[in-house]
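Q: Please take me through some of the terms used for this structure, with the reasons behind them.

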Amino acid sequence: MTNLLSLNDLSVDEINGILNRAEQILEMKDQGWFDPNRTLVANLFFEPSTRTRFSFETAEKRLGFQVLNFSSKTSSTQKGESLYDTVRTMQAIGARAVVIRHQREGYYRELMHGIDIPVLNAGDGAGDHPTQALLDLLTIQQEFLLFKGLTVAIIGDLRYSRVARSDADVLSRLGCRVLLSSPEEWKNDSLPGEHVPVDEAVRAADAVIMLRIQHERHEQAMRMTTEDYHRRYGLTRERASVMKPGSIIMHPGPVNRGVELDSDLVESDRSRYFKQISNGVAVRMASLEWALHTEKEAKKNERVAEKW
Amino acid sequence: MTNLLSLNDLSVDEINGILNRAEQILEMKDQGWFDPNRTLVANLFFEPSTRTRFSFETAEKRLGFQVLNFSSKTSSTQKGESLYDTVRTMQAIGARAVVIRHQREGYYRELMHGIDIPVLNAGDGAGDHPTQALLDLLTIQQEFLLFKGLTVAIIGDLRYSRVARSDADVLSRLGCRVLLSSPEEWKNDSLPGEHVPVDEAVRAADAVIMLRIQHERHEQAMRMTTEDYHRRYGLTRERASVMKPGSIIMHPGPVNRGVELDSDLVESDRSRYFKQISNGVAVRMASLEWALHTEKEAKKNERVAEKW
Amino acid sequence: MTNLLSLNDLSVDEINGILNRAEQILEMKDQGWFDPNRTLVANLFFEPSTRTRFSFETAEKRLGFQVLNFSSKTSSTQKGESLYDTVRTMQAIGARAVVIRHQREGYYRELMHGIDIPVLNAGDGAGDHPTQALLDLLTIQQEFLLFKGLTVAIIGDLRYSRVARSDADVLSRLGCRVLLSSPEEWKNDSLPGEHVPVDEAVRAADAVIMLRIQHERHEQAMRMTTEDYHRRYGLTRERASVMKPGSIIMHPGPVNRGVELDSDLVESDRSRYFKQISNGVAVRMASLEWALHTEKEAKKNERVAEKW
């Protein structure tokens, strides 16, 4: 019988055989048994995500990595295990990097000690979303080559959007003029940029980034209907008609057609909506390479017995 | 530090390094960076399915493809995103084909414009299930070589079963005589075939296709007990005993033992139940090849910048 | 049009083309089309599990296998299909082995006839967990080389823990002295070993295995607070301070820090907690090799037409 149902069915010789083979496997591992194609990456998504997870998963597979996927609506499925213990477990299983999305802003602070593999942030609450910012940069760079002197408008939910924060911060650093526009209740004075009325922002911008209404992030209903939002803060066809020549429309997705953007604009000439998504895979491939190549080699050797 | 937590931690040089590498990756892509082994296929299942999804996934992996899996009980997880936008997103991520199961009959009509990659229908509501029909054909062909002149009985839920529709249509076209048998409330005059009593259908058929009771599709309870159904419309041992020499029993699965089929018949000599499942993988491999090789080459070049 | 939406869109020639190609694929299969790298394994988890599933999945990918993952909180997603039919379906799809976790103790008894591929038990209710026992053995062997004469303490939920049973059984067989310690309501006289007070067990043991409190397995609340449990049955720092030189601490995970183990002990010098996890991948690789190499060759040939 070759089932493995209970060790009671196995002879002592069989048990020893398996143990010895496991030891051999561990030795092969220590002798560099894992070729680069076997890099293992774990995607830990504690918040629902289809697009970002698929983008990372595709990037990992394009790089020839092996992928473990964990998705959960809440971290309660962890049976009370801390995020630290979960990531440390992934490291012990052999992951060479972890990609994490978590509803808790700054979740990664508890991972700063004891974790020896890179953490790639796929979104932390209303905090950051660095690979989204990178793909936005790539999309802008493809259009305008240089960031210095560009005007970029970020419009919508400035308070709860991690995209707004990541984009505003890095665009300012790179020398862009950042214009911000939002309903009063979603204003955010901590973001770098000038608050201006939406029509002014759209007229002045080389790139207009329309933010998604994050129904799932802040529980309270918007204080207006979606039609109202569209008319007052959305990119209507009328508003888009005064955009500068050569200027582009962006959106982190998934877009609520007819709310943030008039549906016809999503695939218009100015729109880079789907191009952003394609760029996302390339940017995540580059980010994974960046994070893995500069891995802390020193520490790695210290714990080699436990790492795959 | 090699974590990617916030772009605020990266120098401008590091950011530029990642952007340039992403551009390189995009150029490699345009130069045919993707070899045939790297074809990416997305499985989008908006209705629960284990068997069909595993069959497609196995087919894709056997063909050397990379696979993205999306499963959802309802399309609500799409956060209000349209199916069109979801598929367009998969295309932008790099999928070369999508396999879709959706509870909405004819869901694919909204994908007819703007999507440049093949859609393989894994079941649309009570509409169609073409790869199931193909595997049924393959199973019949293996047995009888020719379709012309064969008599095939389709018995059970003719109204809500997409298998019934797909099978009846194609078997008629291929020259089979199709016999239909069902409870009164599940009769379906739109199907090609002759309505006959179940005993007559079983006696006359070369192949008897027993349909699954779709508890999950039509909410209202059957107007009889399952024991009653078995006795009146199921393939009982007694009924099966009058089947023609050489005739076979089929079922799309998962079978309710003792309802559509007497449990003992599932693995009887006449049954092709598990053979159908094996055939399903081969048929889906052939279908994927068929759909991908004849891809609309012209359109592909138009949108190359955005496609992987 | 290259979509596959309904066979009504295909010509008879196209349908025949797909059927013939499927036949070709089946012939290639019979001629050894599948190389060893293409071994397909299905992981069927009817109980939630992250760590064991990831460990098996990693083991399978490290061995170059293709992997199908099925996870479900309850077996109700099977739409009433029996476990036997599900596994038989996986076999028909082409799986060469199945890894199963199921809440029903001894679930595998219904698979003893008709299934020709190895079943690897990843936990059956409160029954067995053989690969956990194997990784515990490997961890102990790495430390002490020989089992004979060692003293191993197993402490905690002896009644509902399948780890307790699997470990106690095999450690006794290998010549270890097994000490058992638990709250009165979790005592288990069917386990081989001596029941002793927790302090005595800790003091005498070469290896102390602290069991997880299985909140998810037995509904009734513990009859004490977790603080109480920690103080009376947990491995506190004070208790650990009297452990023998060279002795080690183990836990099957996920650990409830501050309950079964003082949080500081989890990554202490004595602890092999994360090493156990690493060992788990190697042990599962060895187990899969063991189960697959000794596959019932005879039976395999009997059913070749249906197996991939």
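A: In chain B, the residue that comes closest to the rotation axis is B:Asn69, with its C-alpha at 6.0 Å. The model is predicted, so local features need pLDDT of at least 70 and side-chain atom pairs count only at pLDDT 80 or more, while totals for chains, interfaces and linings use all residues. Residues are numbered from 1 along each chain as its sequence is written, chains are lettered from A and ligands numbered from 1 in the order in which they are written, and side-chain values use heavy atoms, with hydrogens and water left out.

Q: What makes the relation of chain B to chain C that of a three-fold axis?
A: A turn of 120 degrees with a shift of 0.0 Å along the axis lays chain B on chain C, with an RMSD of 0.0 Å. That is the relation of a three-fold axis. The fit is by least squares on the C-alpha atoms of residues with pLDDT of at least 70 in both copies.

Q: Which rotation superposes chain A on chain B?
A: A rotation of 120 degrees, with 0.0 Å of shift along its axis, does so at an RMSD of 0.0 Å. Of the residues of chain A, A:Asn69 comes closest to that axis, at 6.0 Å (C-alpha).

Q: Why is B:Leu145 called exposed?
A: Its relative accessibility is 64%, and exposed means over 50% relative accessible area, buried under 20% and partly exposed in between (1.4 Å probe, protein chains only). B:Leu145 therefore counts as exposed. B:Leu145 lies in the loop between helix 4 (130–144) and strand 5 (151–155) of chain B; helices (H or I, at least four residues) and strands (E, at least two) are DSSP runs numbered from the N terminus.

Q: What is notable about phi of B:Leu145?
A: Phi is near 65 degrees, a positive value in a residue other than glycine. Most residues other than glycine have a negative phi. C:Leu145 also has a positive phi, of about 65 degrees, and C:Leu145 is exposed, with a relative accessible area of 66%.

Q: How do you know that the peptide bond from A:Gly253 to A:Pro254 is cis?
A: Omega of this bond is near -10 degrees. Most peptide bonds are trans. A:Pro254 is found in the loop between strand 9 (248–250) and helix 9 (273–293) of chain A. In chain C, the bond from C:Gly253 to C:Pro254 is cis, with omega near -10 degrees.

Q: Why does A:Arg162 count as buried?
A: A:Arg162 has 6% relative accessibility, and therefore counts as buried. This residue lies in helix 5 (residues 162–173) of chain A. The UniProt annotation "binding site", from an unreviewed entry, covers A:Lys79, A:Arg162 and A:Arg212; such annotations may be inferred rather than shown by experiment.

Q: What makes the pair A:Arg162 and A:Glu47 a polar contact?
A: Their side chains are joined at 3.3 Å. A polar contact is a pair of N or O atoms within 3.5 Å; within protein, one must be able to donate a hydrogen and the other to accept it, and residues adjacent in sequence count only if both atoms are side-chain atoms.

Q: Is C:Gln91 buried or exposed?
A: C:Gln91 counts as buried, at 1% relative accessibility. C:Gln91 lies in helix 3 (residues 83–93) of chain C, and its side chain reaches the backbone nitrogen of C:Asp116 at 2.9 Å.
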